[in-house]
Amino acid sequence: MRRSMTIKARQYMTLGFVAVLLAAAAGLAAWQLRSVSGQVAAVDASAQSAAKIAALGGQVGSLLAYERSYFLDLARQHPVDAALERWNTARLAVVTTLDAIEKATAGSAVTATRATLTKYEREFASLRDRVALEGLAAADPEGPAGEATRTAFTQLTARVDTLTADVGTQLSAGTAAAGAGISRGYWMIALGVVSAIMIAAIGFTLMTFGRVAADTAALVSVCDSVSTGDLDARVADLGDSELGRVGRALNSMLDRTARLADSQHERDQMQAALMKLLSEVSGVAEGDLTVQAEVTSDVTGAVADSFNLMIVQLRQIIGQVQAASRQISMAVGELRDVTENLASGSDDQAAQAVEASVAIEEMAASIHYVSENASSSATVAEQARANAEHGTRAVTRTIEGMKAVRDQVQETAKRIKRLGESSQEIGEIVELIGDIGDRTSILALNASIQAAMAGEAGRGFAIVADEVERLADRATEATKRASMLVKATQSETAEVMTAMEDTTREVINRSNIANEAGVALAEIQGVSNRLAELLQAISDAAQQQARGSEQVAKSMNEMSAVTRNTASGTKQTAAAIHSLGVLVDNLNGIVTRFKLPAAADAETPAFAQPRLVASR
Amino acid sequence: MSKAASGVRTSDAEGIAPQAWSDLIVRRCGLAFRHIRMPEVIGIVHGQMRARGIEHETEYYTLLARPGDGSGEWDALIERLTNHETSFFRHPPSFDALRLHILPELRATRPPGGRLSLWSAGCSTGQEAYSLAMCAIADNAHGQFTVWGSDISHEAIKIARQARFGRRSISTIPEHYRQRYLVPINDNGAGDFTIVEDLTQRVRFMGTNLVEPDGFRASHDVVFCHNVLIYFSPAAVTQAVARLAASVGLGGYLLLGPGEAPHDRPPGLEPVIVNGVRAFHRRTARPMEIKS
């Protein structure tokens, strides 16, 4: 193939070659199709045989029908020729069909069928002969005479059935074989066509790429030379193909490159300076801020200078960030301590609040108890007051009674005194009576003397005088006894007087005591009154205290609830501060990745130190 | 069921009147609540009822009013109704009277080697019982004595038996007692203290309801009952005081809390003032009966 041919031309050429191959493949396919059509014809024959076999059953059936028709006509005394004619036609159809089947299948089954058909014909003929000879009655086709004929027919139909089945099987096998042959034929055609195309394609590829590879190798060798610095290398003429054009373009490019090569040295120098600068400042990327770029006189000098300025500013910023982050870290630590203290403190506080509310509850119960006691004591005091009042009244009545007794006693004493005085008078009177008696006694003595002196005349007078004397004596005796009685009376009266005076004094004393009791009771009454008032005041105060303590207990409960809330709030704060600490640690980790010169800390402007006043 | 329990006064078809609850609580455990506290008490009862899974008040009332409480329902309710406030050496004058007068007197009158018995009735979480024990052992280190602590709350008794107290709790113990009888526990950094074994083994705790008769019928030399009667109804006070008085042996003393003077004098005891503290005393020999 000519080198000057373009790839397009080669493609056209290849297409032509492929067309030739396709024609060859079509011929092969036509040859294959021929054999396929033979197999299709075989299938068609099979299909026809199948139709015939289907007809055979009906034809054999019509044989029996015409046989029956023959005997019916015979029985009715009708002419039988027409029926026999039809039977014969039917027999012929059967024979024709059998011939056709034999032709289509070449099977021995047809021969056997034919034999049974012949046997049936023979039996039918012999039955006809017997009827002709012996009459219909003697040779009844339905009776024993027709037995052989019926048997022959049954065998015939059985044979036909077998034939039908055999031929069917044979046919379907044949059809299947034909089908397989057809599909094999088609496969062969397809294979032929594909193989042809494949061979063509491979051939084309080999041809085309062989040429392309050679041209490419030439181009590559020139490029290799150029890459090693040989700018004089050139590509040979590769014709008008695409690669040829590439070769020409490469050549012209190399020509221009050779002209540019003179400025290369300058560029190398600049690149070296840049590389140096880059290696100097590459540490910054890893956070090393201690680096410093050398300020040279060439063009990178200005870059290095401004870079150094930038690094200084960066150092300051990072230094400040580090200092601030350290301070934050410290402050957070302090804050954490404070909040932890606070949290534990508020836990304690909550516990104390609960204790306090329990204690206050007990205090409230105690005050309530005291209040109740004071209340009932006030009642007792009131009772005491009432009793004292009752006592006072009783004492007053007693004193009054005593007074009455004293008065009566005094009255009695007076009367007794008067009685004493009266008995004194009686005594005097008794004394007077005694004197009179004495004098009467003397007078009686004088009178008796005078009577004696008068003698007998005075005898009567002497008796009277004697009588008078005896009376006077008795009077004297009586006055003596009366005087004694008066004396006794007087002395008893005096005793009574004394006793009465004692009694009076006693009564007065008792009255005074009762009076004192009355005064004491009155005092008790007053004290009880005061006591009741005081107890009432205590009870009131205790009740007020109880109410107050209820209020305190309630406040205490509320306070414990608040404290619990505070405690949980403080815990949350502590947790928040903890996570803040973690964040600050992270920040610290980040900023300490930056490496500063040792003096950088001193450069850092001092921040106003944040101060946390922890009240502990 | 008794007639009283079935005759439930109901405020409506479903509920129980607060007064009925109040009456039931007084009847069963003697605890009386001020009117202002009743809503809280009813709240506690309802909480317990719901915890038990009972919806209707009437049903719960019937359960609680049933004689004898095998379900432990009262125990649980009492835990929440009682106040466990107490402290070491609460009302110091009572303890001074014990230390300075009562214990020396008992030591002088008891036969040598005799065992003293002290009872802290309503001891709550045990501080009073341990305070008594400290006084008794300080009075006579070799003397034999037992301190009994009893309370209606089983939870409180459980805490008392642990003998573990916080720093704040022990601050009311006199300094020299604190140094001798308390030991710091260094298990969890809470700064708790416990009582020396020499004392704890002489202190016994039990659950006792003061208004319920039971088998605790010892004869004690000292009975302390502080801030217990204040929670009781007047009838329960009388009942409890009678029981306390009955447990005071010959020559023994009963000390009630300040302001806890009972309406009725403790039967068989005579009021005395000991070191400025009002106490009740059972004479060693009975006073001669005066024949009329």
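**Strands, sheets and the contact between chains A and B**

Tutor: Let us begin in chain B of this predicted model, where strand 4 and strand 5 (residues 193–195) pair in the antiparallel sense over 3 bridges. Within that pairing, Leu182(B) stands opposite Ile195(B) in strand 5 of chain B.

Student: Which sheet order do those strands of chain B belong to?

Tutor: They belong to an open sheet of 3 strands in chain B, which has the order 3-5-4 and antiparallel pairing. Strand 3 (164–165) and strand 4 (182–184) of chain B stand at the edges with a single partner strand each, so one side of each has no neighbour in the sheet.

Student: And what holds strands of a sheet together, in general?

Tutor: Strands of a sheet pair through backbone hydrogen bonds, and they may do so in a parallel or an antiparallel way.

Student: OK, what about the sheet with 7 strands in chain B, what is its order?

Tutor: That sheet of chain B is open, with the order 6-2-1-7-8-10-9 and mixed pairing. Its edge strands are strand 6 (203–207) and strand 9 (270–274) of chain B, each of which pairs on one side only. On average, and with direction ignored, neighbouring strands of this sheet are turned by 25° against each other.

Student: How do strand 7 and strand 8 of chain B run, parallel or antiparallel?

Tutor: Strand 7 (residues 220–225) and strand 8 (residues 248–256) of chain B run parallel and are joined by 5 bridges. As one point to look for in the structure, His220(B) has Val248(B), in strand 8 of chain B, as its bridge partner.

Student: Which helix lies across strand 2 and strand 6 of chain B?

Tutor: Helix 8 (residues 154–162) of chain B lies across strand 2 (145–151) and strand 6 of chain B, and this helix runs at about 165° to strand 6 of chain B.

Student: Switching to the interface, how many residues of chain A and chain B are in contact?

Tutor: In the model, 17 residues of chain A are in contact with 18 residues of chain B. The area buried between the two chains is about 1,600 Å², and carbon and sulfur atoms give 46% of that area.

Student: How many salt bridges are there between chain A and chain B?

Tutor: The count between chain A and chain B is 4 salt bridges, including one in which the side chains of Arg37(B) and Glu361(A) meet at 3.0 Å, N to O. Helix 7 (residues 300–453) of chain A gives the most to the side of chain A that touches chain B, with 16 residues. By class, that side of chain A has 7 nonpolar, 5 polar and 5 charged residues.

Student: And how many salt bridges over all chains?

Tutor: Over all chains the count comes to 29 salt bridges. Within chain A, Glu280(A) forms a salt bridge with Lys276(A), their closest N and O atoms being 3.3 Å apart.

Student: How far apart are Glu280(A) and Lys276(A) along helix 6 of chain A?

Tutor: Glu280(A) and Lys276(A) are 4 residues apart in helix 6 (residues 264–281) of chain A, so about one helical turn separates them.

Key: Residues numbered from 1 in each chain as written. Chains lettered and ligands numbered in written order. Predicted model: local features only at pLDDT ≥ 70, side-chain atom pairs only at ≥ 80, totals over all residues. Heavy atoms only, no water. Contact = heavy atoms within 4.5 Å. Buried area = accessible area lost by both parts, 1.4 Å probe. Helix = DSSP H or I, 4+ residues; strand = E, 2+ residues; numbered from the N terminus. Nonpolar A, V, L, I, M, F, W, Y, C, P; charged D, E, K, R; others polar. Pairing = 2+ DSSP bridges. Axes fitted to C-alpha atoms, helices over the stretch in contact; angles between N-to-C directions.
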